[in-house]
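Work through the exercises below with the sequence and the model side by side, and try each task before reading its solution.

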Amino acid sequence: MSASLDAAFAALADPTRRAILTMLLEDDMAVTDVAEPFAMSLAAISKHLGVLAEAGLITRERRGRVIWCKLEPDALRAASVWMQGFGQFDPVDLDAFERFPEVEPAPATDPEAEPVPEPDPEPPTR
């Protein structure tokens with residue numbers, strides 16, 4: 001399992017390969033379509049695809065003259081399970097966080113406390 005995790009994380013370490021995986025989330029793509037948005041050669045994209053395939057994150061299939069790439073989402077399951085082992089905290093509930101000011105009473109102000117002076121506005125710079 002360690003070798004497969006190493007390969008998956010090594011493949012994910014490159015931003016180009018992460019972008020390719022994001023593109024493949026939508027649908028299978030021909031290699032030429034994968035290469036289109038990148039400012040690099042088709043050979044360079046092919047090397048990136050090779051790393052992703054070696055890690056098991058994608059599969060490549062020849063259909064006629066065209067090579068198609070397909071995301072293998074289950075390949076990241078082991079990495080995901082491994083990373084969850086580091087989750088020491090409960091997930092943040094952003095909806096509850098947004099409601100907090102509505103629910104939590106404002107702190108009481110001390111009527112005897114001195115008011116905090118407002119800062120002087122800065123003069124305009126020229």
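The exercises that follow concern a predicted model, and they go from the whole chain to a pair of helices, a core and a single residue.

**Exercise 1. The overall make-up**

Task: State how many helices and strands the protein has, in which order they run, and what share of its residues is buried.

Solution: Begin with the count, which comes to 6 helices and 3 strands. Next, follow the elements from the N terminus on, where they run α-α-β-α-α-β-β-α-α. Then turn to burial: the protein has 126 residues, and 21% of them count as buried. The accessible surface comes to about 10,300 Å², and 57% of that surface belongs to carbon and sulfur atoms. Finally, look at the contacts between residues at least 6 apart in sequence, of which 47% join residues at least 24 apart.

**Exercise 2. Two helices that meet**

Task: Work out how helix 2 and helix 4 are oriented to each other, and which residues make their contact.

Solution: First locate helix 2 at residues 15-26 and helix 4 at 42-54. The axes of these two helices come within 10 Å and cross at roughly 75°. Angles of 65 to 115 degrees count as roughly perpendicular, and helix 2 and helix 4 are therefore roughly perpendicular to each other. At the contact, helix 2 brings Thr-16, Arg-17, Ile-20 and Leu-21, which meet Ile-45, His-48, Leu-49, Val-51 and Leu-52 of helix 4. Sorted by kind, the residues of this contact divide into 6 nonpolar, 2 polar and 1 charged.

**Exercise 3. The largest nonpolar core**

Task: Identify the residues that touch the most other members of the largest nonpolar core, and find which element gives the most to this core.

Solution: The core holds 18 residues, and those touching the most other members are Ile-20, Leu-24, Val-34, Ile-45, Leu-49 and Leu-52. At least two residues each are supplied by helix 2, helix 3, helix 4 and strand 3 (66-71), and helix 2 gives the most, with 4 residues. Now take Leu-24 as an example: leaving aside its neighbours within four places in sequence, Leu-24 is in contact with Met-29, Val-34, Ile-58, Cys-69 and Leu-71.

**Exercise 4. A residue in a loop**

Task: Describe where Met-40 is found, how exposed Met-40 is, and which residues Met-40 contacts.

Solution: Met-40 lies in the loop between helix 3 (31-35) and helix 4. Its relative accessible area is 31%; since partly exposed covers the range between the 20% limit for buried and the 50% limit for exposed, Met-40 is partly exposed. Beyond its neighbours within four places in sequence, Met-40 is in contact with Thr-16, Ile-45 and His-48, and these three residues also appear in the contact of helix 2 with helix 4.

Technical notes
Residues are numbered from 1 along each chain as its sequence is written. This is a predicted model: local features need pLDDT of at least 70, side-chain atom pairs count only at pLDDT 80 or more; totals for chains, interfaces and linings use all residues. Side-chain values use heavy atoms; hydrogens and water are left out. Buried means under 20% relative accessible area, exposed over 50%, partly exposed in between (1.4 Å probe, protein chains only). Contact means heavy atoms within 4.5 Å. Accessible areas come from the Shrake-Rupley method with a 1.4 Å probe; for residues, only the protein chains shown count as cover. Axes are lines fitted to C-alpha atoms, for helices over the stretch in contact, and angles run from 0 to 180 degrees between N-to-C directions. Angles under 35 degrees count as roughly parallel, over 145 as roughly antiparallel, 65 to 115 as roughly perpendicular and the rest as oblique. Ala, Val, Leu, Ile, Met, Phe, Trp, Tyr, Cys and Pro count as nonpolar, Asp, Glu, Lys and Arg as charged, and the others, Gly among them, as polar. A nonpolar core is a set of buried Ala, Val, Leu, Ile, Met, Phe, Trp, Tyr and Cys residues joined through side-chain atoms within 4.5 Å.
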